[in-house]
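Q: Please give me a close reading of a single part of this model, the place where its domains meet, and then follow the elements found there into their surroundings.

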Amino acid sequence: KARLYSGMQPSADSLQIGNYIGALMQWRDLQDSYDAFFSVVDLHAITVAQDPKILAEKTRRTAAQYIAAGIKPAKSTLYVQSHVSAHAELAWILSTITGFGEAGRMTQFKDKSQRYGADSTSVGLFTYPVLMAADILLYQANVVPVGDDQKQHVELTRDLAERFNSRFGEAFTVPNAMIQQDTARIYDLQNPTSKMSKSAETDAGVLWLLDEPSKTAKKIMRAVTDNDGVVKYDREEKPGVSNLMVIYAAMTGRQIPAIEDEFAGRGYGDFKKAVAEAVVNEFGPVRENVLELLDDPAELDRVLARNADKAEEVATKTLTDVYDKVGLLRRA
Ligand code: AQP
């Protein structure tokens, strides 16, 4: 089986519906056809300030949400990034072959550093893509399912793999990005032209996986739409309605044209009620499952430890080979 690698940051108490549709649902389907590694990337999360008192709990909760959404820890390797020290070690090696200008061209860094301001922008945020390259290359991943926004980082990963291989000898598989289609992108309910995000400024536009069902329904009923009252897919002219349609399609497995037919001649009220019901129905069991898993954190931590062992075995092999190729003296 081909190798697959992906991860999410434990940067909030709960994941949002964009993470669920854009990542978890796809991972769940892909895990049958690939030898999959799914990581909770806590080392990435600390590239922006995190509260040390709650980071560990957020990490555990993120892992619980992976499992509750259908990632099987007995089949896929589901682990916490910081449990495998090879990530940080390989990132260092890769940073020594990354050009300063090359890293400076990453648009996510430009966006995020602008958002946080010069005083809160760390060197870690700058080298974030190098750590991501290490994540992927350690496991010799063939494919990396990511959103459009991460395409540039996977390109850099490929460049670093090729550069290392030609400079020091074949050590890495050159990975391919598996880019999800446009319909996998979810936008903020209050601001439907910007992507829904865990770190959104306001809560009203974000649907959290672990929210109370009544809260979820209320947010959907209050989602921004438009004045023409027609349920029709048009990203440019009707971003709010189109976004709700994509959410509804993902929750029900229905196609966009069928949804247009279903709601022809009906108002937004009816449509929003249907969307709310579909989301609440999908999230309900996942939420219960998460709460159950969190009831026994020791068991959850044991599962993560076992998976970290599995991950470490693969990672150490790559790292040892890399250290040798770079010419570092082996410890006797
Ligand atoms: N709005 C979205 N629509 C579709 N997919 C999305 N993803 C995130 N937002 C959407 C996908 O979820 C995964 C999460 O990756 P991440 O945790 O590394 O961070 P991110 O992409 O930056 O996600 P957030 O929620 O916006 O987090 P913060 O606020 O912490 O930066 C990726 O696969 C991503 O494509």
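**The domain contact and its surroundings**

A: The C-alpha centres of domain 1 and domain 2 lie 31 Å apart, with domain bounds that come from an automatic or database domain assignment. Domain 1 is assigned to 3-179 + 297-326 and domain 2 to 213-291. To their contact, domain 1 contributes 7 residues and domain 2 contributes 5 residues, two residues being in contact if their C-beta atoms, placed from the backbone, lie within 7 Å. On the side of domain 1 that touches domain 2, α1 and α3 (55-68) each supply at least two residues; helices (H or I, at least four residues) are DSSP runs, numbered from the N terminus. By class, that side of domain 1 has 6 nonpolar, 1 polar and no charged residues, where Ala, Val, Leu, Ile, Met, Phe, Trp, Tyr, Cys and Pro count as nonpolar, Asp, Glu, Lys and Arg as charged, and the others, Gly among them, as polar.

The model is predicted, so local features need pLDDT of at least 70 and side-chain atom pairs count only at pLDDT 80 or more, while totals for chains, interfaces and linings use all residues. Residues are numbered from 1 along each chain as its sequence is written.

Helix α1 (residues 17-30) also gives the most to the shell around the ligand, with 5 residues. That shell holds 20 residues, the closest being Gly 18, Gly 22, Gly 147, Ser 197 and Ser 199; a residue is near a molecule if its C-beta atom, placed from the backbone, lies within 6 Å of it. The shell comprises 7 nonpolar, 10 polar and 3 charged residues.

Helix α1 appears again among the elements that cover the buried residues of α11, which also include α12 (256-262) and α13 (268-295). In α11, 10 of the 14 residues are buried, meaning that 20 or more other C-beta atoms, placed from the backbone, lie within 10 Å of the residue's own; among them are Val 241, Leu 244, Ile 247 and Tyr 248. At 1.5 Å a residue, helix α11 (residues 239-252) should span 20 Å, and its end C-alpha atoms are 20 Å apart, which agrees; the expected span is 1.5 Å times one less than the number of residues. Just after α11, Gly 253 takes a positive phi of about 75 degrees.

Key
Buried ≥ 20, exposed ≤ 12 C-beta atoms within 10 Å, placed from the backbone.
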